[in-house]
Amino acid sequence: MSALGSTLHDSPSEAAAICPDIKRPMISILVSDLSETGTGRWGMESGDRPFVISKALRLAGYQTEILGLSNALPKEKNIEASLKLIHKQRGIGFWRSLYKLMTAPKGDILYAYKPKVGSFGTALLAKYLYRKPLVIDIDDWELSWHGGDNYCYTGDWQQLYRDLLKAEGALRNSDHPLYIQQMERLIKFADEVTTHNTFLQKRFGGRWLPNGKDIHLFNPDLFDAEACRQELGLSNYRVLMFPGAPRPYKGAEDILLALDILDEPDLKLVIVGGSPYDDYDAYLHRNWGHRLIQLPKTEYRKMPSRIAAAHILVVPQRDDPATRAQFPLKITDGMAMAKPVLATRVGDIPKILGDAGYLVEADSPKALADSIRHIFANYDEALTRGTQARLRCQDHFSVEHMSEILSDIFRSQKLLSSAIK
């Protein structure tokens with residue numbers, strides 16, 4: 001059985017019973033980029049992983065703080081955990097920013113988000129300087145965007161000089177793949193690792209920690225689907241919803257090609273938000289404008305009302321190294337809202353969805369078209385599967401379940417012996 005599969009079926013760990021009355025340590029969560037172009041782009045009460053981890057830890061009775069670099073203050077600062085933003089300076093000043101971040105944590109345990117210089121690298125220095133245990137959370141294979149294991153910095157000494165010392169030198173970017181590659185090699189020095197899928201767990205080890213969904217916020221009983229569609233001007237359509245930023249590897253094009261095959265005017269792909277990275281949205285509109293409706297970026301707390309408007313939530317990931325290492329948050333958006341979910345067999349998606357949705361092979365618009373046709377022809381059955389999906393989300397992918405796993409991890413003797421002086 002896979003690591004994920006065993007986690008879904010294990011009985012509660014005995015680790016939670018260790019020292020039940022001991023004072024729980026404070027945990028400092030370090031994030032490399034908390035600006036509006038980074039992890040802070042959706043606001044502090046978003047579903048982004050550092051904030052969900054903080055919420056799950058607080059639910060387990062831990063005090064937390066979130067610290068990170070930022071070019072500017074995010075719009076939302078309403079979060080129960082202590083939040084510390086450190087101005088991210090450019091050039092040589094960046095290292096002063098890292099020093100401030102390294103010396104700022106008050107926690108007994110450091111929890112670094114992603115193997116990046118601004119989070120894990122900083123936390124690793126703090127671990128040895130201040131003798132604090134360190135946990136790293138890995139929710140993406142960052143190096144996959146740069147060729148994965150085939151990546152190699154190819155510059156000669158002159159290029160290295162320019163990349164390091166020129167004002168716009170590539171190596172002045174702390175997220176340069178050369179640094180990420182080195183950070184991955186240092187993961188073995190963390191005291192514990194958490195990841196959210198089988199691919200990452202096999203690569204980096206550690207404990208499986210799902211992306212927990214707030215099932216109280218994402219509650220279908222709070223919304224009338226037809227009223228939500230009417231509010232968004234979608235009443236005349238059968239809505240296939242894709243919440244989030246479309247990218248080529250996420251398969252939005254495959255859904256649009258499937259709609260070309262079906263050629264039914266009332267079928268629309270509705271994208272909530274858009275790509276902040278390039279002009280990919282414009283490319284989709286140029287080629288499939290008649291099949292596509294794009295809603296503006298929506299704050300996290302309003303996302304359930306958008307999901308409620310969907311007839312089907314689509315997660316058409318293509319088979320790619322990047323997608324195999326991902327846990328697509330939109331899949332649990334749909335599950336929590338009891339929507340029929342149509343997804344592809346990529347990475348851990350089949351294990352997340354189980355029998356509570358519809359799965360087809362990746363990179364196949366025809367398979368997607370056939371499944372869309374089947375779902376609408378048997379929509380009562382699809383709604384039943386949606387109900388099952390919500391129950392599965394409650395049991396395995398809720399913030400509460402995430403909290404139980406984190407409690408096991410942070411009450412282990414390995415971390416307690418180092419954190420409690």
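Asp254 lies in helix α9 of this predicted model. The residue is buried, because its relative accessibility of 4% falls under the 20% limit. Beyond its neighbours within four places in sequence, Asp254 contacts Pro316, Arg318, Asp363, Pro365 and Leu368. The helix around Asp254 follows this pattern of burial. Helix α9 spans residues 252-262 and is mostly covered, with 8 of its 11 residues buried. The buried set consists of Ala252, Glu253, Asp254, Ile255, Leu256, Ala258, Leu259 and Leu262. Several elements contribute to the cover. Among the strands that cover the buried residues of α9 are β8 (238-243), β9 (267-272), β10 (292-295) and β11 (312-315). Helices α10 (280-288) and α15 (365-377) are also included in that cover. Asp263 follows α9 and has a positive phi, near 50°.

Asp363, one of the contacts of Asp254, also has a positive phi. The value is about 60°, although Asp363 is not a glycine. Asp363 sits in the loop between β13 (358-360) and α15. With a relative accessible area of 43%, Asp363 is partly exposed, because this value lies between the 20% and 50% limits. Lys114 is another non-glycine residue with a positive phi, here about 80°. The loop that holds Lys114 runs between β4 (109-113) and α4 (117-130). Lys114 is buried, since its relative accessibility is 11%, under the 20% limit.

The chain as a whole shows the setting for these residues. Its secondary structure comprises 18 helices and 13 strands. Of its 421 residues, 57% count as buried. Contacts between residues at least 6 apart in sequence were also sorted by separation; 72% of them join residues at least 24 apart.

The nonpolar interior was examined next. The largest nonpolar core contains 58 residues. Within this core, the residues with the most contacts are Leu57, Tyr111, Ile331, Met335, Leu406 and Phe410. Helix α17 (residues 399-410) supplies the largest share of the core, 6 residues. Another core lies apart from this one and has 32 residues. Leu98, Ala112, Ala126 and Leu200 are among its members.

Met335, named above for its contacts inside the largest core, has partners at many positions outside its own stretch of sequence. With neighbours within four places left aside, these partners are Val341, Ile352, Leu353, Gly386, Ala389, Arg390, Arg392, Cys393 and Phe397. One of them, Cys393, is buried, because its relative accessibility is 0%, under the 20% limit. Cys228 is buried as well, with a relative accessible area of 7%. The disulfide count for the model is 0.

Ala126, a member of the 32-residue core, is also a contact of Met102. Met102 is placed in helix α3 (residues 93-103). Its relative accessible area of 8% is under the 20% limit, so Met102 is buried. Residues up to four places away in sequence aside, Met102 touches Thr122, Leu125, Ala126, Leu129 and Tyr130. Met102 and Leu129 are 27 residues apart along the chain. Their C-alpha atoms are 9.6 Å apart.

Leu67 belongs to strand β2 (residues 64-70). Its relative accessibility is 0%, under the 20% limit, so Leu67 counts as buried. Contacts of Leu67 beyond four places in sequence include Ser28, Ile29, Leu30, Val31 and Leu34. Lys84, Leu101, Ala104 and Pro105 are also touched by Leu67. Ser82 lies 15 residues from Leu67 along the chain, with a C-alpha separation of 8.4 Å.

Enclosed space was also assessed. The model has 2 cavities of 30 Å³ or more. The second largest cavity holds about 30 Å³ of space. Its lining consists of Gly47, Val52, Asn211, Gly212, Lys213, Tyr300 and Leu329. By class, 3 of these lining residues are nonpolar, 3 are polar and 1 is charged.

Methods: Residues numbered from 1 in each chain as written. Predicted model: local features only at pLDDT ≥ 70, side-chain atom pairs only at ≥ 80, totals over all residues. Heavy atoms only, no water. Core = buried A, V, L, I, M, F, W, Y, C linked by side-chain atoms within 4.5 Å. Buried < 20%, exposed > 50% of the residue type's maximum accessible area, 1.4 Å probe, protein only. Helix = DSSP H or I, 4+ residues; strand = E, 2+ residues; numbered from the N terminus. Contact = heavy atoms within 4.5 Å. Disulfide = S-S within 2.5 Å. 1 Å grid on protein atoms, 1.4 Å probe; cavity = no way out; pocket = protein on both sides within 12 Å on 5 of 7 lines; lining within 4 Å. Points joined across faces, edges and corners; volume = space filled by probe spheres on them. Nonpolar A, V, L, I, M, F, W, Y, C, P; charged D, E, K, R; others polar.
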